[in-house]
Amino acid sequence: VRNYYSGEIISIEPIPEIFRQLKRRFSNDPNWKGLNIAISNSKKLINLNVASNDGGSSSQFNLHRNHKVASPDIHFVKKINIEAVKLSKLIKNKKQIYIKADIQGSELDLLKSIKNSDFDFIKAIELEVSWNETYINAPLADEIFVFLRGKGFVPIWMEPSYSLRKFENILQSDVIFSRKVA
């Protein structure tokens, strides 16, 4: 991220063990803040399924068959309860923020937790989006793209991050969205 963006960054990681690892990455960067919480469109306690791949596939949603076929060795090993807050609560009075969130199906909930007026202060948003179901009942990329276009954001970078090779389907991509140029 620091190769092309020098402003403020907020990283969100709900799993305590993974947050400690993340904290080492940003501890010497005064403009990079990490938060050991979950984000939701309402303040609540989230029941998070922690995955066996060092938490990488952890989600509040259950694994879809596509995920199980693509990675049959991944399963949930425990559940944790984590406090969730609205993102607008964390970014008020901030300017030019880069938001990076890898939240396995909860992307749209995160976006809806941002007040309309707060979108003006966001420089870019990096999300992992699902093109095909990987989590049961989780929103797909189409919904996220439509929502962000409505807020004035367009994709400026994309890279496949998870695929179902057997069927040649891209399941997920990392996408960076930024303000569209007039």
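Two strands are taken to pair if DSSP finds at least two bridges between them. In this predicted model, that criterion applies to strand 3 and strand 5 (residues 76-85), which are joined by 2 bridges and run parallel. Within this pairing, Ile39 has Val85 of strand 5 as its bridge partner. The two strands belong to an open sheet of 3 strands, in which the order is 3-5-4 and the pairing is mixed. Strand 3 (38-39) and strand 4 (44-51) each have a single partner strand and stand at the edges, so one side of each lacks a neighbour in the sheet.

Side chains of opposite charge can pair when their charged atoms come close. The structure contains 2 salt bridges. One of them is formed by Lys78 and Glu17, with 3.5 Å between the closest N and O atoms. This contact links distant parts of the chain, since Lys78 lies in strand 5 and Glu17 in helix 1 (residues 16-26), 61 residues apart. Lys78 counts as partly exposed because its relative accessibility is 38%, and Glu17 is likewise classed as partly exposed, at 36%.

A salt bridge is also found between the side chains of Arg179 and Asp120, at 4.0 Å from N to O. Here too, distant parts of the chain are linked: Arg179 is in strand 9 (residues 169-179), whereas Asp120 is in the loop between helix 4 (107-112) and strand 7 (122-130), 59 residues apart. Arg179 has a relative accessibility of 30% and therefore counts as partly exposed. Asp120, with a relative accessible area of 54%, is exposed, the cut-off for that class being over 50%.

Notes. Residues are numbered from 1 along each chain as its sequence is written. This is a predicted model: local features need pLDDT of at least 70, side-chain atom pairs count only at pLDDT 80 or more; totals for chains, interfaces and linings use all residues. Side-chain values use heavy atoms; hydrogens and water are left out. Helices (H or I, at least four residues) and strands (E, at least two) are DSSP runs, numbered from the N terminus. Buried means under 20% relative accessible area, exposed over 50%, partly exposed in between (1.4 Å probe, protein chains only).
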